[in-house]
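User: Could you take a close look at one part of this model for me, namely how its interior is packed? I would like to start at the surface and work inwards.

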Amino acid sequence: MLKLPCNGVDRVHLMSQCGFMGRPTSFFTGRSSVKGFRSTKAYPVQAVASAKDGAVVNRVEADIGSLANRLRLGSLSEDGLSYKEKFIVRSYEVGINKTATVETVANLLQEVGCNHAQIVGFSTDGFATTTTMRKYHLIWVTARMHIEVYKYPAWSDVVEIETWCQAEGRAGTRRDFIIKDYATNEVIGRATSKWVMMNEDTRRLQKVSDDVRDEFLVYCPRELRLAIPEENSNCLKKIPKLGDPAHNSRLGLMPRRSDLDMNQHVNNVAYIGWVPESMPQEIIDSYELQSITLDYRRECQQNDIVDSLTSVEALEGAEVVPELKSTNGSGKAMDDKQERQQFLHLLRLSNEGLEINRGRTEWRKKAAR
């Protein structure tokens, strides 16, 4: 995995401001196998967006006058239908294992998606809203998120994330992601998400109109492209409602002010952080998260109080470990022969008991050190 010292970061920023091209080699000392970052800034950056018949209907030119765009290590693909950006894992983005947390991964996915929308000309006000959406006070909200992590990047590692957007029926859109180790080009994660439109004033969902659809479809691949093959995957698998009482629970979680986003509700990444709060400690100690799927069913506001519930879900062809059927994480030690474990989750409002979202997680045994 490529690691970048602080002076390397400074030089990358300096070169991006100067608009250097090519693949620099001088600032990576002692690493003969890695030549460094290839600058993604070709001025002027121009991408072609085509209609279904192949006719050019729009051209996208990056705002090279923007300081953020000069510093950002990202660019559109040659056909303008996907976007790639490189990120350095910071010290405040890793957990006790010195590797990125799943919240870090989710935040990077959100960041690259927003940057993609910004570079093709959509507004950052309301997470990538189009002109028509702003006119009618419409915003995008997450309906479902599925993330798979095959290998967690460590502090100072460099990852490259590619993302693209596609239509998803009449009710919304989908956005897919592929995460790579930039040094080796190894795929270390994938994700897919579904988004629906909401009226910012009434907080009610709305169908995607033809006007809005026409605004973003020109930037979408013509053929369906999936980051995660849907066969034999949990990404589309229905999540059943968790029974009560759950095997494990963490009650009385409260959103922080910093959990709110520009859409005036708790950001979708905060929910990903609440799910492990009710996980058995035995799992946290011996396993690492392999995949997480969340169905978002209700908004959460700053003054809401949230309960996090977790129960074991038997894997196909496997038996549930009896010791996990305990309350509030007080179970006995795990059977070492269990290489994978799967759980169902429910986040609900404490007072009313209303569902905020349902979830499913898969966990794999941590590698021996």
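Analyst: **From the surface to the core**

N185 is partly exposed, with a relative accessible area of 49% (buried is under 20%, exposed over 50% and partly exposed in between, with a 1.4 Å probe and protein chains only). Before going further, please keep in mind that the model is predicted, so local features need pLDDT of at least 70 and side-chain atom pairs 80 or more, while totals for chains, interfaces and linings use all residues. Numbering starts from 1 along each chain as its sequence is written, and side-chain values rest on heavy atoms, without hydrogens or water.

N185 sits in the loop that runs from β7 (172–181) to β8 (186–199); helices (H or I, at least four residues) and strands (E, at least two) are DSSP runs numbered from the N terminus. The backbone there is worth a look on your screen: N185 has a phi of about 65°, a positive value, although this residue is not a glycine.

K98 is another non-glycine residue with a positive phi, also given as about 65°. You will find K98 in the loop between β4 (83–88) and α3. K98 is exposed, its relative accessible area being 59%.

Following the chain on from that loop brings us to helix α3, and N107 is one of the residues in this helix. With a relative accessible area of 38%, N107 is partly exposed. Its C-alpha atom lies 9.3 Å from that of N268, although 161 residues separate N107 and N268 along the chain.

Now for the whole protein, as a backdrop to the packing. There are seven helices and 14 strands in the protein. Of its 369 residues, 51% are buried. If you take the contacts with a separation of 6 or more, 71% of them join residues 24 or more positions apart (a contact means heavy atoms within 4.5 Å).

Let us go inside. The largest nonpolar core holds 59 residues; such a core is a set of buried Ala, Val, Leu, Ile, Met, Phe, Trp, Tyr and Cys residues joined through side-chain atoms within 4.5 Å. The residues with the most contacts inside this core are L109, W140, I147, I161, Y271, I272 and W274. Helix α3, which spans residues 102–119, is the element that gives the most to the core, with eight residues. Domain 1 (66–236) and domain 2 (239–315 + 337–368) both contribute residues, so this core lies between them. The domain bounds come from an automatic or database domain assignment.

Two members of that list make good places to centre your view. Beginning with L109, and leaving out residues up to four places away in sequence, you can trace its touches to I147, I161, F177, I179 and A191. Apart from the largest core there is a second, separate one of six residues, with L242, A246, L309 and L346 among them.

I272 is the other place to centre on, and it belongs to helix α6, residues 268–274. I272 is buried, with a relative accessible area of 1%. Again setting aside residues up to four places away in sequence, I272 touches V102, A106, I147, I292, L294 and Y296. I272 also has a partner far along the chain: G359 is 87 residues away in sequence, and the two C-alpha atoms are 9.2 Å apart in space.

Display L109 and I272 together and I147 links the two views: I147 is among the residues touched by L109, and I147 is touched by I272 as well. I147 is itself listed with the residues that have the most contacts inside the largest core.

To retrace the route, we began with N185, partly exposed in its loop, then passed K98, exposed in the loop before α3. Helix α3 then led us from the partly exposed N107 to the largest core, to which this helix gives eight residues. We ended at the buried I272 in helix α6.
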